[in-house]
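Colleague: Please walk me slowly through the salt bridges in this model. I'd like to know where each partner sits and how well it is covered, and then what else you would point out in the surrounding elements.

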Amino acid sequence: MAQWIFRLKGCLGSKVYSEVPDGGWGWIVAVAFFLVEMFTYGVIKSFGIFLKDLMSDFEESNSRVSWIISICVFVMTFTAPLSSVLSNRFGFQPVVMLGGFLISLGTISTAFTSSINQMYLSIGIVTGLGYCLTFLPTVTILSQYFSKRRSVVTAMASTGESFAIFVFAPAFTALKNGIGWRYTMVVIGTLQGIIIVCGALLCPIVIKPKTSPTETEQKITYSLPEEQMHGSVSSGDSGVQSLDELERTLKFRKEQEEAEPLPILPKQQDTTSKNKLLDLTVLKEGSFLCYSAFGLFATLGFFAPQLYVVELSASLGTERDKAAYMLSTMAIAEIFGRLSIGWVLNWGHIRKIFVLLVCVSLMCLVLVLFTVVNGFWGLAVCCVLYGFLLGNIASTHIPMLAEDDVVGIQRMPLAVGVYVCIQSFAGLAGPPLGGVLVDITQKYSAAFYSCAVGMGLGAVFLGLVRPAKTGHLCTRRNTGRNKPIGEQMAKDKDRPEEFQELDNQDIKS
């Protein structure tokens, strides 16, 4: 038994590499992310098949039942900083396993509820918190295992959500008709226990660059003063004497470092920031603020087509049976969109943030196009374009945080929770805002216009991310005299004294 536990611990322990592997155990993590996508977002998007059953059993209105998913999505996104704090404190594996347990517990307990208010607690809060603890840590550690292939692997793994819609919707419908919605919830909650296994597979990655023995010997030799090097060679007892001199030299340097501490360079500052549980300093960076504003407004453009495209098609004269195929068309196009954007970003010939900006801009035009076209085929083309672009954006906007244009891979685990938390407010306010506009105007096109405005504002802020990062947005170009003190001292150390004296004379004059 002890030997089996030791082997399991070795298999699921930290994975050590000399550089980012772009594979290795990362492929196991990618499969785990695929399954997590299936049993989180895939289940959420398939929950609509239970709406009529819940309305008839609890005798509630459509809006009251719809709040179940709204609360669940809001809790999942608003508590994202908690997911970051727990992941940085305890690691990815226990957090995702805890999230999988909460998801199963909340879904199974739904089968024993007797009112909608109890479902607000079971599905909305318990399951929503579990979704939060599983999705963000999984996508974060997947980004750490890949560098060159990060975009394509993340896009392929994220298709689990789209495949789940094809599989779960008909399967759960048939199961519901056979055993009832309550027992179906028990089956779903049991299947979601797979997430616990996925969490155990999220082994942390450790990067330790290789150092050859000759390099270490050279470093020790070059660190000795020249007189001690000559002395150790000429002495008869060179072995013992060189060790004594090395000890004295190291001791002398240690005392010197304690007396005069060296300045911390920016790279060292990055390593010390890893010890933080939650990095709120990203809110001081203009690039992150612009990117968060993009996520906030762009989220407003994600809900209208899924909610209102069937009703919009019916209002334009399309039969409801044919109008239902619009959602299937979106799902198919979304799969191709997720896969294609991964290959495009993997080329590396253009900045990834510019590709995302083009997709967001085109999405804004497609949302307006929904209100202009007429007939079944016109709406079908819009659904294909929307699904394709939605796949592009949905699979890249969170991994984009790992790019140097936003916060970088080192700070991504600390910043992703803050980003998703900011994004959650649009997810909560978007559907009610569209519903109010539809009630006022009595036209479903009003919801599409509001989404287009939100997506357009998101494109504007996304275009400001790189100028804010490079300092061209609100600061003047750095001429080199305002460099950080640590960098300047490190560079001056390697320069001859004559040049340093000349620089000092120039500064005084």
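Modeller: Let's begin with aspartate 53, which is partly exposed, its relative accessible area being 22%. In these terms buried is under 20% relative accessible area, exposed is over 50%, and partly exposed falls in between, with a 1.4 Å probe and protein chains only. Bear in mind that this is a predicted model, so local features need pLDDT of at least 70 and side-chain atom pairs count only at pLDDT 80 or more, while totals for chains, interfaces and linings use all residues. Numbering starts from 1 along each chain as its sequence is written, and side-chain values use heavy atoms, with hydrogens and water left out.

The partner of aspartate 53 is lysine 176: the two form a salt bridge, with 3.1 Å between their closest N and O atoms. Lysine 176 belongs to helix H10 (residues 160–179) and aspartate 53 to helix H4 (residues 51–58), so this pair ties together parts that are 123 residues apart in sequence. Helices here are DSSP runs of H or I with at least four residues, strands are runs of E with at least two, and both are numbered from the N terminus. Unlike its partly exposed partner, lysine 176 is buried, at 13% relative accessible area.

That contact is part of a total of 7 salt bridges in the structure. To count as one, a side-chain nitrogen of Lys or Arg has to be within 4 Å of a carboxyl oxygen of Asp or Glu. As for the background, side chains of opposite charge can pair when their charged atoms come close.

Stay on H10 for the next pair. Glutamate 161 and arginine 338 meet through their side chains in a salt bridge, at 3.0 Å from N to O. Since glutamate 161 is in helix H10 and arginine 338 is in helix H20 (residues 325–347), the pair ties together parts that are 177 residues apart in sequence. Both glutamate 161 and arginine 338 are buried. They aren't on their own, either: Glu161, Glu334 and Arg338 are linked in a network of salt bridges.

Now for a pair that sits in loops. Arginine 351 and aspartate 405 form a salt bridge, their closest N and O atoms being 3.1 Å apart. You'll find arginine 351 in the loop between H20 and H21 and aspartate 405 in the loop between H22 and helix H23 (412–441), so the pair ties together parts that are 54 residues apart in sequence. Cover is uneven here: arginine 351 counts as partly exposed, at 38% relative accessibility, whereas aspartate 405 counts as buried, at 7%.

So much for the pairs; on to the helices just mentioned. Helix H21 (352–370) and helix H22 (376–394) each supply at least two residues of a nonpolar patch. The patch is on the surface and consists of Val368, Leu369, Val372, Val381, Leu385 and Tyr449, with about 480 Å² of accessible area together. Areas come from the Shrake-Rupley method with a 1.4 Å probe, and for residues only the protein chains shown count as cover. Patch residues have over 30% relative accessible area and no salt bridge; like charges are joined within 9 Å, nonpolar side chains (Val, Leu, Ile, Met, Phe, Trp, Tyr) within 5 Å. Take valine 368 as a sample: this residue lies in helix H21 and is partly exposed, with a relative accessible area of 33%.

H22 also holds cysteine 383, which is buried, with a relative accessible area of 0%. Its C-alpha atom is 8.1 Å from that of alanine 333, a residue 50 positions away along the chain.

Have a look past H23 too. Glutamine 442 is in the loop between H23 and helix H24 (445–463), and glutamine 442 has a positive phi of about 60° although it is not a glycine. At 65% relative accessibility, glutamine 442 counts as exposed. Aspartate 22 also has a positive phi, about 55°, again without being a glycine. This one is in the loop between strand S1 (15–17) and helix H2 (26–39). In contrast to the exposed glutamine 442, aspartate 22 counts as buried, at 13% relative accessibility.
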